[in-house]
Amino acid sequence: GGPINVLVPTAATVTIAGTDYFVAVSGSTTVNLPTAPIDGERHIIKDSTGVAGTAPITVDGNGFPIDNTLTEDLVNNYASMGLIFSASLGRWQIV
């Protein structure tokens, strides 16, 4: 355990770093995952203010699929998405 790195984006589009474990999003935002992820890298994207129902959050694999698509949307208030990168599969997996 111990503290984790939390990122609170302030722009409509943000590319997160490998060290940004928890991304607390408020409002319509596109979150680009890291461009060079490492095996086992994990991130959690969260609608921290409960507005995704009217201001969806788009998570972009940034060149790597998320399960079987290039992007996934959070469209429910307070929704979250956990992701882990699998180098052997070459994609992000929703967990």
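These legends walk you through a few views of a predicted protein model.

**View 1. The whole chain is built from strands.** Welcome to the full fold: the protein chain has nine strands and zero helices. Follow the sequence from start to end and you will read the pattern β-β-β-β-β-β-β-β-β.

**View 2. The overall dimensions of the chain.** Along its principal axes, the C-alpha trace spans about 35 × 35 × 20 Å. How does the radius of gyration of the protein chain agree with that of a compact globule? For 95 residues, such a globule would have a value near 12 Å, and the chain has 12 Å, so the two agree.

**View 3. Inside and outside.** Here you can look at what is covered and what is not. Of the 95 residues in the protein chain, 35% count as buried. The accessible surface of the chain comes to about 5,000 Å², and carbon and sulfur atoms hold 53% of that area.

**View 4. Contacts across the sequence.** Take the contacts in the protein chain with a separation of 6 or more: 47% of them join residues 24 or more positions apart.

**View 5. A close-up of Thr 29.** Now zoom in on one residue, Thr 29, which sits in strand 4, a stretch covering residues 29–32. Is Thr 29 buried or exposed? Its relative accessible area is 6%, and because buried means under 20%, Thr 29 counts as buried.

**View 6. The neighbours of Thr 29.** Leaving aside residues up to four places away in sequence, Thr 29 touches Ala 11, Ala 12 and Val 14, and also Pro 56, Ile 57 and Thr 58.

How values were computed. Residues numbered from 1 in each chain as written. Predicted model: local features only at pLDDT ≥ 70, side-chain atom pairs only at ≥ 80, totals over all residues. Heavy atoms only, no water. Helix = DSSP H or I, 4+ residues; strand = E, 2+ residues; numbered from the N terminus. Buried < 20%, exposed > 50% of the residue type's maximum accessible area, 1.4 Å probe, protein only. Contact = heavy atoms within 4.5 Å. Rg over C-alpha atoms; globule rule 2.2 N^0.38 Å. Areas by Shrake-Rupley, 256 points an atom, 1.4 Å probe, with all protein chains shown as cover.
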